[in-house]
Amino acid sequence: MSQLLWLIKNILVAFSIASSAVAVIGEEDDQFCECSPSKFEWKMDFSGTCPPNLISTGPLTGIRDVWCIISSGGINDNLVPVKVVNVHIQEMNRNLEIIGGLSTDVNLQDGDSFVYESIASDPTETDVVGAMQMELVGENSEGITVYNESILRYTNKCTIYPFIEGDILGWSIFTNLGPAQKEACPLVSDAPSTMPSKAPAETPSVTTMPPKYSTPSSNIVAAKTSKGKKSGGGKKASKAKGNKSKKTKQ
């Protein structure tokens, strides 16, 4: 997809989400929380489609709305990849300003996994993650580029997690979710716990990734967010950690 088409699509998606936000002004709580995962692990399932999105959305859930599409830019009807060659993620605050993300080349086969450490894992970050955009760039059996693009907006409720393990969005199955920060989400307690899931937890098949997040020899690729520019967009409802406080939205 050309940079121009990518820019136009993002403008249209951002406008659609920003417009829908106007309709819910006044029904939000005075306090925003960040109960989204500190880390995501997605397992590739190239038989996945979108729509439909197999993930709960709506004002009573942790995700207000989701946009997802699989396409080849109109070039080809074969939308099933044989590999994913690039992952592009952007995390945004509640004003849809980029606060973190990454773009990295990969070589993911069907069944492989990709691990992403969210900006929400940074204890010094005071912005609430309000939305996330992800683009998976793949190649089909004919060598033609296919895309799985999605963007979702969180409700930032303090009473529910936005995801459960087993959720599906296009080619991605949510298989392992790192806990939210205790200071940013009242659902997190001192007791050892795991994020909710649709099925009993399985024994992990990989060990903790090294600090530099290099690609291991197994079929799991790990990457860490890099901070983006931002200017507000909601503050985490939480206590101070270290010498930096995370303020409640006024």
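## The K83–E139 pair

Let's start with a charged pair: K83 and E139 make a salt bridge, their closest N and O atoms sitting 3.8 Å apart. K83 belongs to strand β3 (residues 81-92) and E139 to strand β6 (residues 131-140), so this pair ties together parts that lie 56 residues apart in sequence. That 3.8 Å gap makes the cut because the rule asks for a side-chain nitrogen of Lys or Arg within 4 Å of a carboxyl oxygen of Asp or Glu.

How covered are the two partners? K83 is partly exposed, at 28% relative accessible area, and E139 is partly exposed too, at 25%. Keep in mind that this is a predicted model.

## The D65–R153 pair

The count of salt bridges comes to 2. Besides K83–E139, there is D65 with R153, where the closest N and O atoms are 3.0 Å apart. Here D65 sits in strand β2 (residues 63-71) and R153 in strand β7 (residues 145-154), so the bridge links parts 88 residues apart in sequence.

Are D65 and R153 buried or exposed? R153 is buried, with 10% relative accessible area, whereas D65 is partly exposed at 22%.

## The chain around them

Zooming out, the chain has 1 helix and 11 strands. Reading from the N terminus, the helix comes up front and the strands follow.

Of the contacts with a separation of 6 or more, 75% are between residues 24 or more positions apart. As for burial, 46% of the 250 residues are buried. The chain exposes about 12600 Å², with carbon and sulfur atoms supplying 55% of that area.

Notes
Residues numbered from 1 in each chain as written. Predicted model: local features only at pLDDT ≥ 70, side-chain atom pairs only at ≥ 80, totals over all residues. Heavy atoms only, no water. Helix = DSSP H or I, 4+ residues; strand = E, 2+ residues; numbered from the N terminus. Buried < 20%, exposed > 50% of the residue type's maximum accessible area, 1.4 Å probe, protein only. Contact = heavy atoms within 4.5 Å. Areas by Shrake-Rupley, 256 points an atom, 1.4 Å probe, with all protein chains shown as cover.
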